[in-house]
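Thanks for making time, everyone. Have a look at the model on the screen, and then I'll walk you through one part of it.

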Amino acid sequence: MSSFVLGLGGICLMLVMLFLRQPVWLALGVIGLVGNWALNSLTSVKFIAGTTMFDVASNYNLSVVPLFILMGEIASGSRMSAELFNAARIVLSGVRGGLGVATLAASGAFGAICGSSVATAASMTRIAMPEMKRAGYAEGYSAASVAAGGSLGILIPPSIILVIYGSITETSVARLFAASMLPGLVLLLLYVAVAMAVAGRTSSAPVEISASLRERIRAIQGPWQFVVLFVLTIGGIYAGIFSPTEAASVGAFGAIVLGFLRRSLAFEGLIHAIKASVLVSCALFMIIIGATLFAHFVVQTRLPDTLLAMAQSADLSAWQVMSIIVIIYIVLGCFLEGIGMVLITVPVFLPIVTGFGFDPIWFGVLVALLVELGLITPPVGMNLFIIRAQLPNVSMQELYRAILPFLMAPVILIAILFAVPALALWLPSVLY
């Protein structure tokens, strides 16, 4: 059996394990170890397994992951997300569907200091859904707004997905953050346009009483701590003061200090946030270890190089190849979890993408956007299940119907990224 056939067989077996609901880390790790054994020897497999776990655990670039997770947990526990939503609600009062738009705006802002889509969706579900229910909003529209807004944490920096992408591709995380900023803002505006269009066509979203100018100004001043954290972290990275890891540590420490100063964070809340961060980080690192083992196997089979040669010999254009890759991501996003999907596909697709002349920074933004699309795409959109777990009265069928219009926003942005690559590449070229 050739190494190429062995590589394809390994990928197929890994996908079968995932579709059988095996953990992502287990599917990746088992196929990686067995594949390396088939290509080399048991002694080699033992060496690779030992060094991989040490290398991942001691990787300085990956230390940003638990720090950003901790910052998000602290921000959520200290009611920062609630204050963001309240400010957006008051500013957008008097607009049909204003609470839906406020949910999207607050989710985008919270994602800018959280980095986790799941945490943003879970937090905004607890905060925004009761308010929209009291205001008479349809539950499907409300839940879809929360799901779409929660997915913004994938693209708007700091993004854990982009950190992991940068780690496995040896790409600058700071440049990835800069590249994703403008597309993230454009996607937020597209989501807002969809929310307002749906609200205007149906009776799902009533109009609230408009607030006065003084109330709006006071509301904008409310979430000042968010501005402080954003300037400390993302502003510090763009200004060249901090590396992403340093910014994450400063942001996490700043969130803790602000929480205690404002008396919105107790010692018990801090301990709970640390425990939650440890659990989430351990789960992510297990997936990364499994993916690294799998990547060792894929590289040795020379599968990416062979696929690149086949695509070039078939006279496929660069855009045709990218279209095929996008379709594969969309299909996989309907069934697989985002981080696992990135770790599975990027080692295979990145050599093909760069071989056809595409920028790896641009591709990183595209991958993050495709993962974001997968988070709200039926039947296995992670954000939809997070919301459904907290809202047992909302059926999955109702969620699926309500989310469909919002899927247009990331699809439109994908088309824009292909037509205008500078949307992602301009800011990194200016800052770095």
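I'll talk about helix 14, its helix neighbours, and a pocket that it helps to line. One thing up front: this is a predicted model.

Let's start with helix 4. That's residues 64-77, and it packs against helix 14, residues 267-301, at an angle of about 140°. The two axes are 9 Å apart, and helix 4 goes past helix 14 in a right-handed crossing. Who's touching whom? On the helix 4 side, we have Val 65, Pro 66, Ile 69, Leu 70, Glu 73 and Ile 74. On the helix 14 side, the contact includes Leu 270, Ala 273, Ile 274, Val 280 and Leu 284. Sorted by class, that contact has 12 nonpolar, 2 polar and 1 charged residues.

Next, helix 3. Its axis comes within 10 Å of the helix 14 axis, and they cross at roughly 130°. An angle like that is neither under 35 nor over 145 degrees, nor between 65 and 115, so helix 3 and helix 14 count as oblique to each other. The crossing is right-handed here too. Helix 3 brings Ile 48, Ala 49, Thr 52, Met 53 and Val 56 to the contact. Helix 14 answers with Phe 285, Ile 288, Ile 289, Thr 292, Leu 293, His 296 and Gln 300. That gives 8 nonpolar residues, 4 polar and no charged.

Third neighbour: helix 17. How do helix 14 and helix 17 run relative to each other? Their axes come within 10 Å and cross at roughly 20°. That's under the 35 degree cut-off, and the pair is therefore roughly parallel. Again, the crossing is right-handed. From helix 14, look for Leu 284, Ile 287, Ile 288, Ala 291, Phe 294, Ala 295 and Val 298; they meet Ile 339, Gly 340, Leu 343, Ile 344, Pro 347 and Val 348 of helix 17. The split is 12 nonpolar, 1 polar and no charged.

Now to the pocket. I mean the second largest one, with about 610 Å³ of space. Which residues are closest to its centre? Those are Ser 167, Ile 168, Thr 292, Ala 295 and Pro 347, out of 24 that line the pocket. You've met some of these already: Thr 292 was in the contact with helix 3, while Ala 295 and Pro 347 were in the contact between helix 14 and helix 17.

Helices 3, 9, 14, 15 and 17 each give two or more residues to the lining. Helix 14 has the largest share, with 6 residues. By class, the lining comes out as 14 nonpolar, 6 polar and 4 charged.

That's my tour, so over to you.

Key:
Residues are numbered from 1 along each chain as its sequence is written. This is a predicted model: local features need pLDDT of at least 70, side-chain atom pairs count only at pLDDT 80 or more; totals for chains, interfaces and linings use all residues. Side-chain values use heavy atoms; hydrogens and water are left out. Axes are lines fitted to C-alpha atoms, for helices over the stretch in contact, and angles run from 0 to 180 degrees between N-to-C directions. Helices (H or I, at least four residues) and strands (E, at least two) are DSSP runs, numbered from the N terminus. A crossing is left-handed if the near helix is turned anticlockwise from the far one by less than a right angle, and right-handed if clockwise. Contact means heavy atoms within 4.5 Å. Ala, Val, Leu, Ile, Met, Phe, Trp, Tyr, Cys and Pro count as nonpolar, Asp, Glu, Lys and Arg as charged, and the others, Gly among them, as polar. On a 1 Å grid over the protein atoms alone, a cavity is a set of points where a 1.4 Å probe fits but cannot get out, and a pocket is an open set with protein on both sides within 12 Å along at least five of seven lines; lining residues have an atom within 4 Å of a point. Grid points are joined across faces, edges and corners, and a volume is the space filled by probe spheres set on the points.
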